[in-house]
Amino acid sequence: MELEPVRTPDGKEEVVIRLADPDEAHLIHQITMAAFAEYEHDRVPSAALNETVEFIRERLEDGDEQALLCIQSGRPIGTVRFQMDEHSLSFFRLAACPKEQGKGRAKAMLAFLERYAKENGKKEIWCNVRRSVARNIRLYQSVGYALVQEQTVISANGVPVKVVTMKKEITGVEA
């Protein structure tokens with residue numbers, strides 16, 4: 001499945017979103033590291049910064065996860081990883097290269113995920129977001145996600161982190 005190419009506002013470049021192959025784990029890793037670098041010096045840095053290319057490749061190869069790539073003029077500029085169960089799709093590590101942020105890339109990938117979930121009979125999409133990253137919460141709310149739970153989780157280094165769970169119902173999926 002691939003979204004129809006979308007032209008940038010200036011009409012010059014195409015953006016294509018498609019499922020990634022395990023052999024593209026290095027691209028997923030590269031984009032994620034660039035996007036999540038801003039959290040490197042947080043009191044509790046994102047666990048995404050500890051992931052390796054091999055870890056991502058193994059997760060994609062064994063089917064535990066899937067991933068999207070967002071490509072503009074042949075250049076990978078965004079990614080998101082996700083998992084599906086019987087009723088839902090959960091995504092994580094939504095990332096756009098820093099120079100591409102604020103240009104609608106994340107919203108385009110979210111639209112792809114919603115369509116993919118619907119085509120696969122899923123009734124809802126979920127994500128977890130750090131409470132401290134208000135811009136991500138606003139992004140998800142702007143495309144129909146609702147905050148459904150707030151909790152504190154303990155990070156790998158033992159520090160509590162406030163996290164919100166957000167959910168979007170998929171319309172038009174039969175029970």
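**Close-up views of a predicted model**

**View 1. I125 and its contacts in strand β6.** Leaving out residues up to four places away in sequence, I125 touches L89, F91, L113, E114, A117, Y145, M166, K167, K168 and I170. The model shown here and in the other views is predicted. I125 belongs to strand β6, which spans residues 124–130. The residue is buried, because its relative accessible area of 0% falls under the 20% cut-off. One contact partner, L89, is 36 residues away from I125 in sequence. In space, the C-alpha atoms of I125 and L89 are 4.8 Å apart.

**View 2. The whole chain, for orientation.** The protein contains 4 helices and 8 strands. Read from the N terminus, the elements follow the order β-β-α-α-β-β-β-α-β-α-β-β. The chain has 175 residues, and 41% of them count as buried. Among contacts with a separation of 6 or more, 61% join residues 24 or more positions apart.

**View 3. T79 inside strand β4.** Strand β4 covers residues 75–84 and holds T79. T79 is buried, with a relative accessible area of 0%. A polar atom of the T79 side chain lies 2.7 Å from the backbone oxygen of L68. L68 is also one of the residues that T79 touches. Beyond four places in sequence, the other contacts of T79 are I28, I31, T32, L69, R93, L94, A95 and M109.

**View 4. Helix α1 and its buried residues.** Helix α1 spans residues 25–36. Its 12 residues reach 16 Å from the first C-alpha to the last. That span is close to the 16 Å expected at 1.5 Å a residue. The buried residues of α1 are A25, L27, I28, H29, I31, T32, A35 and F36. An α-helix has 3.6 residues a turn, so residues three or four places apart point the same way. The buried residues of α1 pack against α2, β3, β4 and β5. I28, I31 and T32 are among the contacts of T79, a residue of β4.

**View 5. V53 in helix α2, facing residues of α1.** V53 is found in helix α2, which covers residues 53–61. V53 is partly exposed, because its relative accessible area of 23% lies between the 20% and 50% cut-offs. Apart from neighbours within four places in sequence, V53 is in contact with A25, H26 and H29. A25 and H29 are listed among the buried residues of α1. V53 and D23 are 30 residues apart along the chain. Their C-alpha atoms are separated by 9.7 Å.

**View 6. The largest pocket.** The largest pocket has a volume of about 1000 Å³. Its lining consists of 38 residues. Nearest the pocket centre lie F36, L94, N128, N136 and Y140. F36 is also one of the buried residues of α1. By class, the lining has 21 nonpolar, 8 polar and 9 charged residues. At least two lining residues come from each of α1, β5, α3, β6, α4, β7 and β8. Strand β5 gives the largest share, 7 residues.

**View 7. Positive phi at S73 and R93.** Most residues other than glycine have a negative phi. S73 is not a glycine, yet its phi is positive, near 50°. S73 sits in the loop between β3 and β4. R93 is a second non-glycine residue with a positive phi, of about 55°. R93 is placed in strand β5, residues 88–96. R93 is also among the residues touched by T79.

**View 8. K162 in strand β8.** K162 is found in strand β8, which runs over residues 160–169. Leaving aside residues up to four places away in sequence, K162 touches V129, R130, R131, E150, Q151 and T152. K162 and R131 are 31 residues apart along the chain. The C-alpha atoms of K162 and R131 are separated by 5.5 Å. V129 and R130, two of the contacts of K162, fall in β6, residues 124–130. E150, Q151 and T152, also in contact with K162, fall in β7, residues 146–154.

Terms used: Residues are numbered from 1 along each chain as its sequence is written. This is a predicted model: local features need pLDDT of at least 70, side-chain atom pairs count only at pLDDT 80 or more; totals for chains, interfaces and linings use all residues. Side-chain values use heavy atoms; hydrogens and water are left out. Buried means under 20% relative accessible area, exposed over 50%, partly exposed in between (1.4 Å probe, protein chains only). A polar contact is a pair of N or O atoms within 3.5 Å; within protein, one must be able to donate a hydrogen and the other to accept it, and residues adjacent in sequence count only if both atoms are side-chain atoms. Contact means heavy atoms within 4.5 Å. On a 1 Å grid over the protein atoms alone, a cavity is a set of points where a 1.4 Å probe fits but cannot get out, and a pocket is an open set with protein on both sides within 12 Å along at least five of seven lines; lining residues have an atom within 4 Å of a point. Grid points are joined across faces, edges and corners, and a volume is the space filled by probe spheres set on the points. Ala, Val, Leu, Ile, Met, Phe, Trp, Tyr, Cys and Pro count as nonpolar, Asp, Glu, Lys and Arg as charged, and the others, Gly among them, as polar. The expected span of a helix is 1.5 Å times one less than its number of residues.
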